[in-house]
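Reader: Could you take me through some charged pairs and show how each label is earned?

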Amino acid sequence: MSHMVKLKLIVKDLDLLEETCNELGYKFHRGKTKARYYGGSTIDCDHVIEVPGTNHEIAVIDNRDGSYTLKGDFYGSEGKVLKEAYEKIEQLYTVKAVKREAYMKGYSVFEEWVDENICKLKISV
């Protein structure tokens, strides 16, 4: 049975999320208030991430505390595409957020992608 799942990534920078999506080739729709999932159902949200290769979308929900939660439906073959996209968003957003925080504190950062799934960050204080 299909259903929306609250994902573990908590977003604190909407601009960084949009930058991440753009870099990965996903469309970030600010202010789109309905995200599609299984069977044409929709969920209310504040923003939507559209992923090529699936009709399912990732809902971006404002927690009203300065953070955002992502929700997606990983059911079936379209859900599998969405899940893979979410995992890429989670990874790249996290790398970008850590790098930004380190730079803001005046640290230098060396980034090395071992493969498409593993990134090593060396932060010099």
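Author: Here is a short run of labels, each set against its rule. This is a predicted model, where local features need pLDDT of at least 70, side-chain atom pairs count only at pLDDT 80 or more, and totals for chains, interfaces and linings use all residues. Residues are numbered from 1 along each chain as its sequence is written, and side-chain values use heavy atoms, with hydrogens and water left out.

Reader: What makes E18 and R30 a salt bridge?

Author: The rule asks for a side-chain nitrogen of Lys or Arg within 4 Å of a carboxyl oxygen of Asp or Glu. For E18 and R30 the N to O distance is 2.9 Å, so the pair qualifies. E18 lies in helix α1 and R30 in strand β2, so the pair ties together parts 12 residues apart in sequence. Helices (H or I, at least four residues) and strands (E, at least two) are DSSP runs, numbered from the N terminus.

Reader: Why is D44 called exposed?

Author: Buried means under 20% relative accessible area, exposed over 50%, partly exposed in between (1.4 Å probe, protein chains only). D44 has 51%, so exposed is the word. Its salt-bridge partner is K34, with the closest N and O atoms 2.4 Å apart. K34, at 41%, counts as partly exposed.

Reader: Is E57 buried or exposed, and how do you know?

Author: E57 has a relative accessible area of 0%, so it is buried. E57 meets R36 in a salt bridge at 3.3 Å, N to O. R36, at 32%, is partly exposed.

Reader: How many salt bridges does the rule give?

Author: The count comes to 14.
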